[in-house]
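Here is a friendly briefing to read alongside the chain on your screen. Take a look at the structure first, and then we can walk through a few of its features by topic.

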Amino acid sequence: MTPPAHTTPPSPDMDAAATVRMEQAGLNALALALEDPSGLGGVFAQAVAVLLGITGRVVVTGIGKSGHIARKIQATLASTGTPSFYVHPAEASHGDLGMVLPTDAILAFSNSGETTELADIAAHALRTGQPLLAVTSKATSTLATAATLALTLPSMPEACPMGLAPTTSTLMQLAFGDALAVALLRQRGFTATEFGVFHPGGRLGARLRTVREVMHTGNAMPLTAPDTPMRDVIMEMTHKALGCVGIVGQNGELAGLITDGDLRRALDHDLTTTLAKNIMNPRPLTINPDVLASEALQVMNARKRPVTALFVLNPAGQPIGVVHLHDLVRAGVG
């Protein structure tokens, strides 16, 4: 008896590359569909208008792998200025529908559009008149038919060799949800400062803090007058320990800056007779208090010879603070 022939499976790296290419093909098809104003692109624009028009929140739902995607999209919406929350379809049928208000809109993810667990949510939307936006790959599915707007994604083969495990379809759902969140973000004019309000923790939160939040103010600022003898300038710089001294004019405006580097370069002067105005830099780098701390770091590093401190000025050109490189490092920005 002839033994059955055995085929050699593809090497792991080739198999991995094929998986990525199949999923990439799904993303390419999705991008093309979104560029079609008579197809998905037009419905996408309608969906953005609907979500911008509600006074409540976006209720995101889905189950299984689509549910995992729905949770991620909900988190992205919430962090970028679109109030939202996730409702599990099974829990919705056991009381959580009470969280859904008439002013809300429902965004449901289901690749097949035949997910039975979504039936009660869809029926609730029909009863209460809430917009139901269905993200599915089946235009004739039950969910798509019941929806206010059916956002039908291109039907592409799964990367799974059996065609069963959600792979390409979930990646397309994820990309579509991100596209929706970004479109809403742009339409709302959502800024980096607002983003920082929703991300106060961790390195991201640190980079989104403003200069005003980390600068030294009041008596901590090293300041002196233009006619101050250099001996007193050195004492002020040493006492405040920021490596610089701001020189202020009669109206309190910043007239110049002396750094420890300027002091070293001035050692050939007679420091008993030299005044602050004789060695100050009359055009120092300064910054606005409301720019991001990360931008302050970029300004410090932009010059061929980076600086370690920036004076912070008000609209009248008067110093209201000093931000030092060490402050940015301690805040987690550097």
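**A small tour of sheet, pocket and cores**

Three of the strands make up an open sheet with mixed pairing, in the order β6-β7-β8. Please keep in mind that this is a predicted model. The points below begin with that sheet and then turn to the largest pocket, two nonpolar cores and one valine.

**The sheet**

- The edge positions belong to β6 (223-224) and β8, and each has a single partner strand, so one side of each has no neighbour in the sheet.
- In general, the strands of a sheet pair through hydrogen bonds of the backbone, and they do this in a parallel or an antiparallel way.
- Strand β7, residues 244-248, runs antiparallel to β8, and 5 bridges join the two.
- If you would like to find this pairing on screen, look for glycine 246, whose bridge partner in β8 is leucine 257.

**The largest pocket**

- The largest pocket holds about 480 Å³ of space.
- It is lined by 19 residues, and those closest to its centre are Thr259, Arg265, Arg305, Pro306 and Val307.
- Two or more lining residues come from each of β8 (254-259), α12 (260-265) and β10 (309-313).
- Which element gives the most to this lining? That is α12, with 5 residues.
- By residue type, the lining of the largest pocket has 8 nonpolar, 5 polar and 6 charged members.

**The nonpolar cores**

- The largest nonpolar core contains 30 residues, and Leu77, Leu107, Leu151 and Phe176 have the most contacts inside it.
- At least two residues of this core come from each of several helices and strands, including α1 (12-34), α3 (65-79), β3 (105-109), β5 (149-152) and α7 (168-188).
- Another core, of 16 residues, lies apart from the largest one; Leu97, Leu132, Leu143 and Ala147 are among its members.
- Back in the largest core, leucine 77 touches Val58, Val60, Thr82, Ser84, Leu107, Ala181 and Leu184, leaving aside its neighbours within four places in sequence.

**Valine 333**

- You will find valine 333 in the segment that follows α15 (325-330).
- Is valine 333 buried or exposed? Its relative accessibility is 1%, so valine 333 counts as buried.
- Valine 333 and alanine 293 are 40 residues apart along the chain, and 7.0 Å separates their C-alpha atoms.

Notes: Residues are numbered from 1 along each chain as its sequence is written. This is a predicted model: local features need pLDDT of at least 70, side-chain atom pairs count only at pLDDT 80 or more; totals for chains, interfaces and linings use all residues. Side-chain values use heavy atoms; hydrogens and water are left out. Helices (H or I, at least four residues) and strands (E, at least two) are DSSP runs, numbered from the N terminus. Buried means under 20% relative accessible area, exposed over 50%, partly exposed in between (1.4 Å probe, protein chains only). On a 1 Å grid over the protein atoms alone, a cavity is a set of points where a 1.4 Å probe fits but cannot get out, and a pocket is an open set with protein on both sides within 12 Å along at least five of seven lines; lining residues have an atom within 4 Å of a point. Grid points are joined across faces, edges and corners, and a volume is the space filled by probe spheres set on the points. Ala, Val, Leu, Ile, Met, Phe, Trp, Tyr, Cys and Pro count as nonpolar, Asp, Glu, Lys and Arg as charged, and the others, Gly among them, as polar. A nonpolar core is a set of buried Ala, Val, Leu, Ile, Met, Phe, Trp, Tyr and Cys residues joined through side-chain atoms within 4.5 Å. Contact means heavy atoms within 4.5 Å. Two strands pair if DSSP finds at least two bridges between them.
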